[in-house]
Amino acid sequence: MSGGPRIRGVAEGDWAVIGDLESQAYAPLGLSEGPGALRKYQQASPDTCFVVDVGGGRVAGYLMALPFPEGGWPELGQGGGAAGRRGGRAPYGPLAPDPYNLHLHDVVIAPELRRRGLAMRLVRHLVGIARTRAYRSVSLVSVGGTQAFWRERGFTVRPDVAAPGGYGSDAVYMSLSLADAPIDVPIDVPTDAPIGELTDELTDELSGVRVCSP
Ligand SMILES: CC(C)(COP(=O)(O)OP(=O)(O)OC[C@H]1O[C@@H](n2cnc3c(N)ncnc32)[C@H](O)[C@@H]1OP(=O)(O)O)[C@@H](O)C(=O)NCCC(=O)NCCS
């Protein structure tokens, strides 16, 4: 197996870095869930949770997604407990499992490695998997002012779904219909995908960066 930059599944040794990245990104917003909840998402759906390995097993970012009822969102800190409401009406209560919607619960890239297309690659990878497994949509809750980022990736705000409670004042539910997804992905998605199209310069830069000091 190549030691170069790639997207791969989460390994036991990744959790310390994942926990650091999550806390760094969300504690300032009061939205940190802690590693216990993240582990539960990954245990619920290991094939749709990945890390960006920048070489030698070092993790530069992660993405956690799981099959989840369309129009709902995991309650923060619960690792998958369902919540959701449409149009401001009462919560669904226990939500039926939805084999057609993948919920992109979280994606974080290390601050020093942002704006290099790494999150985009993780999202593409997930959308590729969603397509091959016949999911109809990918949903998420945009937090921390990231709506524009998601719009650029083809996600649209869902006015029929009320603002997710507990995710902060600017939280917005968004989704991507795979029938008209503009993201170009291969049909066959390898489970351990080399991150293609990186320039030699960026590959050198990634392998020289110390991500999240232990
Ligand atoms: C959002 C995040 C995952 C993006 O990661 P990234 O690897 O930098 O993203 P990419 O390099 O693939 O895409 C960068 C592009 O997205 C846009 N973008 C990135 N973050 C953005 C933000 N917060 N708001 C609006 N646009 C944003 C930029 O326009 C950039 O394009 P440009 O460099 O041409 O200007 C990263 O900023 C992050 O980890 N943030 C903290 C956690 C977070 O908010 N996650 C999403 C929660 S819903």
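Alanine 134 counts as exposed, because 9 C-beta neighbours lie inside 10 Å and a residue with 12 or fewer is classed as exposed. Alanine 134 is found in the loop between α3 and β7. In this predicted model, alanine 134 has a positive phi of about 65°, although it is not a glycine. Most residues other than glycine have a negative phi.

Arginine 115 also has a positive phi of about 65° and is not a glycine. Arginine 115 lies in the loop between β6 and α3. Arginine 115 is exposed, with 7 other C-beta atoms within 10 Å.

The table sets out four residues by location and surroundings.

| Residue | Location | Other C-beta atoms within 10 Å | Class |
|---|---|---|---|
| Arginine 115 | loop between β6 and α3 | 7 | exposed |
| Alanine 134 | loop between α3 and β7 | 9 | exposed |
| Proline 46 | loop between α2 and β2 | 12 | exposed |
| Serine 137 | strand β7 | 19 | partly exposed |

**The chain as a whole**

The secondary structure of the protein chain comes to five helices and 10 strands. The protein chain has 214 residues, of which 38% are buried. Among contacts between residues at least 6 apart in sequence, 72% join residues at least 24 apart.

**Serine 137 and proline 46**

Two residues illustrate such links along the chain. Serine 137 lies in strand β7, which spans residues 137-142. Why is serine 137 partly exposed rather than buried? Serine 137 has 19 other C-beta atoms within 10 Å, whereas a buried residue needs 20 or more. Leaving aside neighbours within four places in sequence, serine 137 is in contact with Glu70, Tyr100, Asn101, Ser175, Leu176, Ser177 and Leu178. The C-alpha atoms of serine 137 and alanine 179 are separated by 8.0 Å, although these residues are 42 residues apart along the chain.

Proline 46 lies in the loop between α2 and β2. Proline 46 is exposed, with 12 other C-beta atoms within 10 Å. The C-alpha atoms of proline 46 and glycine 9 are separated by 7.2 Å, while 37 residues separate the two along the chain.

**Helix α2 and its partner α1**

Helix α2 comprises residues 35-44, and Ala37, Leu38, Tyr41 and Gln42 within this helix are buried. These four lie on the same side of α2, because they cover an arc of only 140° around the axis. The cover over the buried residues of α2 includes α1 (15-26), β2 (49-53), β3 (59-67) and β6 (101-109).

Two packed helices are described by the angle between their axes and the distance between the axes. For α1 and α2, the axes come within 10 Å and cross at roughly 115°. The crossing in which α1 passes α2 is right-handed. Which residues of α1 and α2 meet? On the α1 side they are Trp15, Ile18, Gly19 and Glu22, and on the α2 side they are Pro35, Leu38 and Arg39. By class, this contact has four nonpolar, one polar and two charged residues. Leu38 thus belongs to two descriptions: Leu38 is one of the buried residues of α2, and Leu38 is one of the residues that meet α1.

**The surroundings of the ligand**

Around the ligand there are 18 residues, and Arg114, Ala119, Met120, Ala148 and Phe149 come nearest. The elements that give two or more residues to this shell are β6, α3 (118-132) and α4 (147-152). The shell divides into 10 nonpolar, five polar and three charged residues. Strand β6 therefore appears twice in this account: β6 is included in what covers the buried residues of α2, and β6 gives two or more residues to the shell around the ligand.

Notes. Residues numbered from 1 in each chain as written. Predicted model: local features only at pLDDT ≥ 70, side-chain atom pairs only at ≥ 80, totals over all residues. Arc of directions from axis to C-beta. Contact = placed C-beta atoms within 7 Å. Axes fitted to C-alpha atoms, helices over the stretch in contact; angles between N-to-C directions. Left-handed = near helix turned anticlockwise from the far one by under 90°. Nonpolar A, V, L, I, M, F, W, Y, C, P; charged D, E, K, R; others polar. Near = placed C-beta within 6 Å.
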